[in-house]
Amino acid sequence: MALGKGKGKMEEHLELLQYLIYIFNTVFFCAGAAIFAIGLWIRFDEYMMDYVNGLGMYHYWIGTTTVMAGSAFVMITAFLGCCGAFFRSVPMVLTYKVMTVLTFGLLLGGSAYVLDNGLEDSRIYPWLQEAIRNKIYQYQWDVSARRTVDILQEYVGCCGGYSAGDYGEIHLPVPDTCRDQVTGNQYGDSCAEIFSQYLEVRTGWITGLSLSLCFFQCFAMMFAFCMWQALKEIQKGQ
């Protein structure tokens with residue numbers, strides 16, 4: 001009699017864990033898809049590609065690609081978790097636990113790298129100052145450098161790497177792309193400052209979702225561990 005009650009409680013406990021894993025992994029799949037979509041938007045936006053290719057800012061892609069890879073694995077892991085819970089398979093639940101830890105590491109590491117290279121107060125700011133000023137130094141004779149600087153200044157609304165004084169250092173007049181096309185006033189902010197703020201918005205979206213997902217993955221790992229333990233107990237009692 002007591003044994004039957006014990007098995008009944010274990011079955012109820014297992015069903016609750018199943019539903020929790022279903023709910024969490026449905027949310028994870030949707031969140032992973034959203035993060036992957038944001039990554040695609042950042043990676044293949046026409047203007048963003050021009051800025052990154054022109055400035056040689058490829059290190060920014062390292063972080064976003066890592067986060068995208070992590071989000072793709074999250075979707076696969078979420079599907080696997082639901083299958084493991086549905087079939088009550090110990091190997092599938094164990095694989096789910098391992099893959100959740102791996103995706104947690106990918107998302108956390110990728111987000112940390114993006115934050116370190118995609119905020120105004122990060123390493124990207126001094127890097128942009130130097131990179132843009134170097135392009136300005138090539139402005140007279142390098143067509144590609146001129147195009148990069150002009151596109152950045154005109155579409156982002158800025159002037160120079162450090163300031164408009166970058167042009168004065170090499171005795172060049174400030175180009176028209178440094179001026180507002182409507183008012184004709186010269187932009188007062190440097191391109192390093194404005195472009196780092198431009199990056200900050202994209203960085204905030206992708207890392208905010210990724211880190212939120214990492215937080216909830218901690219609970220999913222606990223539920224998966226509990227379910228793994230419960231399945232092993234049931235197997236021992238059979």
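Reader: Is Asp50 buried, partly exposed or exposed in this model?
Author: Keep in mind that this is a predicted model. The relative accessible area of Asp50 comes out at 23%. Buried would need under 20% and exposed over 50%, so Asp50 is partly exposed.

Reader: Which residue does Asp50 meet in a salt bridge?
Author: The two side chains come to 4.0 Å, N to O. The pair links distant parts of the chain, with Asp50 in helix H2 (residues 46–55) and its partner in helix H6 (residues 143–157), 97 residues apart. That partner has 47% relative accessibility and therefore counts as partly exposed. The residue is Arg147.

Reader: How many salt bridges does a search of the whole structure find?
Author: One of them joins Arg147 and Asp50. Another pairs Arg123 with Asp116, where the closest N and O atoms are 3.0 Å apart, and Asp116 is partly exposed at 32% relative accessible area. Searching the whole structure, the count is four.

Reader: Why are Glu130 and Arg133 separated by about one helical turn?
Author: Their side chains meet in a salt bridge at 3.1 Å, N to O. An α-helix has 3.6 residues a turn, so residues three or four places apart point the same way. Glu130 is partly exposed at 31% relative accessibility, while Arg133 is among the buried residues of H5. They are about one turn apart because of their spacing in helix H5, which is three residues.

Reader: What span does helix H5 reach from its first C-alpha to its last?
Author: H5 covers residues 124–137, which is 14 residues. At 1.5 Å a residue, the expected span is 20 Å. Its buried residues include Ile124, Leu128, Ala131, Ile132 and Ile136, and also Gln129 and Lys135. From first C-alpha to last, H5 reaches a close match to expectation, 20 Å.

Reader: How many helices does the protein have?
Author: Reading from the N terminus, the elements go α-α-α-α-α-α-α-α. There are zero strands, and the number of helices is eight.

Reader: What is the radius of gyration of the protein?
Author: For 238 residues the globule rule gives 18 Å. The protein is well over that, so it is more spread out than a compact globule. Along the principal axes, the C-alpha trace spans about 95 × 30 × 25 Å. The radius of gyration is 26 Å.

Reader: What share of the 238 residues is buried?
Author: The protein exposes about 12300 Å², with carbon and sulfur atoms supplying 65% of that area. To count as buried, a residue needs under 20% relative accessible area. Of the 238 residues, the buried share is 45%.

Reader: Is Gly32 buried or exposed?
Author: Gly32 sits in helix H1 (residues 2–44). Leaving aside neighbours within four places in sequence, Gly32 is in contact with Ser71, Val74 and Met75. Met75 is 43 residues away in sequence, yet 5.7 Å from Gly32 in space, C-alpha to C-alpha. With a relative accessibility of 0%, Gly32 counts as buried.

Reader: Which residues form a nonpolar patch on the surface?
Author: Together they have about 400 Å² of accessible area. One of the members, Phe216, lies in helix H8 (residues 191–237) and counts as partly exposed because its relative accessibility is 41%. The patch is formed by Phe215, Phe216, Phe219 and Met222.

Methods
Residues numbered from 1 in each chain as written. Predicted model: local features only at pLDDT ≥ 70, side-chain atom pairs only at ≥ 80, totals over all residues. Heavy atoms only, no water. Patch = residues over 30% accessible without salt bridge, like charges linked within 9 Å, V, L, I, M, F, W, Y side chains within 5 Å. Areas by Shrake-Rupley, 256 points an atom, 1.4 Å probe, with all protein chains shown as cover. Helix = DSSP H or I, 4+ residues; strand = E, 2+ residues; numbered from the N terminus. Buried < 20%, exposed > 50% of the residue type's maximum accessible area, 1.4 Å probe, protein only. Contact = heavy atoms within 4.5 Å. Rg over C-alpha atoms; globule rule 2.2 N^0.38 Å. Expected span 1.5 Å × (residues − 1).
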